[in-house]
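Student: Could we go through this structure together, with each term set against its definition?

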Amino acid sequence: MITLNQELDASQKEKILELKLRLLKLIRRSVYVYRVDCGGCNGCEIEIFAAITPLFDAERFGIKVVGSPRHADVIVFTGPMTRPMRVPAIRAYQAAPDPKVVVAYGACGCSGGIFHDSYGVWGGADSVFPVDLYIPGCPPTPCATIHGFAVALGLLHQKMKGEHYVEGEGAGVRLKFPEVPIGLRKEIEREARRLCGYWHGRQIANQYLEFLAEKDPQKVDKRVKELLKAEKDARLVEVFMKIHRIFLDSMERAAGSA
Amino acid sequence: MIKLLKKVLQVGEATLKYPFAPAEVAPGFRGKPVYNFEQCISCGACTLACPANAITLSCDLERGIRTWQLFYGRCIFCGRCEEVCPTEAITLSPEFELAAFKKEDLVCRADFRLNKCRFCDRFFTPAKELEYVLAVMVQAGLPEPEVANRRALLEVCPECRRKVEVEKMKKAVFTPLE
């Protein structure tokens, strides 16, 4: 396997880092960025070009996308490292003058992303190149792109931090709505999800289940009616009515069996 | 020229202030998945749902530890983990500033204790998940002795449970009726 991830000893690595930092300090002009698509879906390219439009305007910070690796200070690798693009990517890397900053862009560039176990994919850009900065995202939004480049150039600080939790004795999981019968809750959540999808459905179900915390059915009915009166969106009213019907039916059943 | 300047002044500045002012994201924006360790029962529903295998589970049966891991570098922010999570332990936040110099900073890891089987004394199920299942049974209105029965049943690994059942059946079949 051809790779540029050579085993360097600590002093060499330190020297390279020092050169890169000096480059960023002494550059005194725009930082030229060259971008290599190693076989991605072009989502990342679209977001990079969105980032240099007047709306986001990465060129404010002197970040300029250039057309040749020979001008580049920063090389951005997007897309998973596919087998046919490996050698062209290495040629682009070698054509860029040293010292250069290597950025792995997007989920695929960072690790292979959703294509990581495909037969033609070798992994992310770090499977071939020594990567300096990872910008995850699928694709990273223009704002994330600007933040990433600003971090690479030392203008902003990195926000991410590795997390490691270890389970101790004690506190268990907090149950959702312990005062609502579990069968009723399930029915309401399913209906809301069926009507509105998982994200809005969950919000609507949670909003409704909070009313149910008041045990008295008449109070619940009153609060739901108040909400429906204030609600302008007819679709939401319909969904709430359907969920409310489930609750009323369950109350009727309970009354019938008692 | 004057006309153009007038137009420019009218339109104003279109560029976002982003790094100097926080960027506004659309409602429902799917950014960094935020993990709530207290709520997680390590059931593994998210690992099955994750299309990019950004979330993985691994078991160390020697030490009795189950490790849940989320690698942000592989995440495609689809929200399937949020969809399937039974306890709302993982939610997608509007956070998008994920750039990092090292891969280690893109990893979120959690270690869970495993319970031992009552019969064979081997690790087999996470303690937190077991407690959650029993708590749900209590919430569903199961009487106290029945919950204790279920606990005795759930603290036996599937293999031992099978063996015990076979022993019971053997006894039932081969005991002569009086």
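The conversation below takes up the numbering, the sheet, the cores, the overall form of chain A and a hairpin in chain B.

Tutor: This is a predicted model, in which local features need pLDDT of at least 70, side-chain atom pairs count only at pLDDT 80 or more, and totals for chains, interfaces and linings use all residues. Residues are numbered from 1 along each chain as its sequence is written, and chains are lettered from A in the order in which they are written.

Student: What makes S1 and S2 of chain A a pair?

Tutor: Two strands pair if DSSP finds at least two bridges between them, and strand S1 (residues 31–37) of chain A has three bridges to S2(A), in the parallel sense, so the criterion is met. Within this pairing, Tyr32(A) stands opposite Lys64(A) in S2(A). A strand is itself a DSSP run of E with at least two residues, whereas a helix is a run of H or I with at least four, both numbered from the N terminus.

Student: Why are S2 and S5 of chain A called edge strands?

Tutor: Five strands of chain A form an open sheet in the order S2-S1-S3-S4-S5, with parallel pairing. Strand S2 (63–65) and strand S5 (133–135) of chain A each pair on one side only, and they are the edge strands.

Student: What makes the 81 residues a nonpolar core?

Tutor: The term covers buried Ala, Val, Leu, Ile, Met, Phe, Trp, Tyr and Cys residues joined through C-beta atoms within 7 Å, where buried means that 20 or more other C-beta atoms lie within 10 Å of the residue's own, the C-beta atoms being placed from the backbone. The largest such set has 81 residues, and among those with the most contacts inside it are Val74(A), Phe77(A) and Ala89(A). Helix H5 (residues 142–152) of chain A gives the most to this core, with six residues. A second, separate core of 12 residues includes Ile188(A) and Leu209(A).

Student: How do you know that chain A departs from a compact globule?

Tutor: The radius of gyration is taken over C-alpha atoms, and the globule rule is 2.2 Å times the number of residues to the power 0.38. For 258 residues a compact globule would have a value near 18 Å, but chain A has 27 Å. The C-alpha atoms of chain A fill a box of roughly 80 × 45 × 35 Å along the principal axes.

Student: Which strands of chain B form a hairpin?

Tutor: S5(B) and S6(B) form the hairpin, with six residues between them, and they pair in the antiparallel sense over three bridges.
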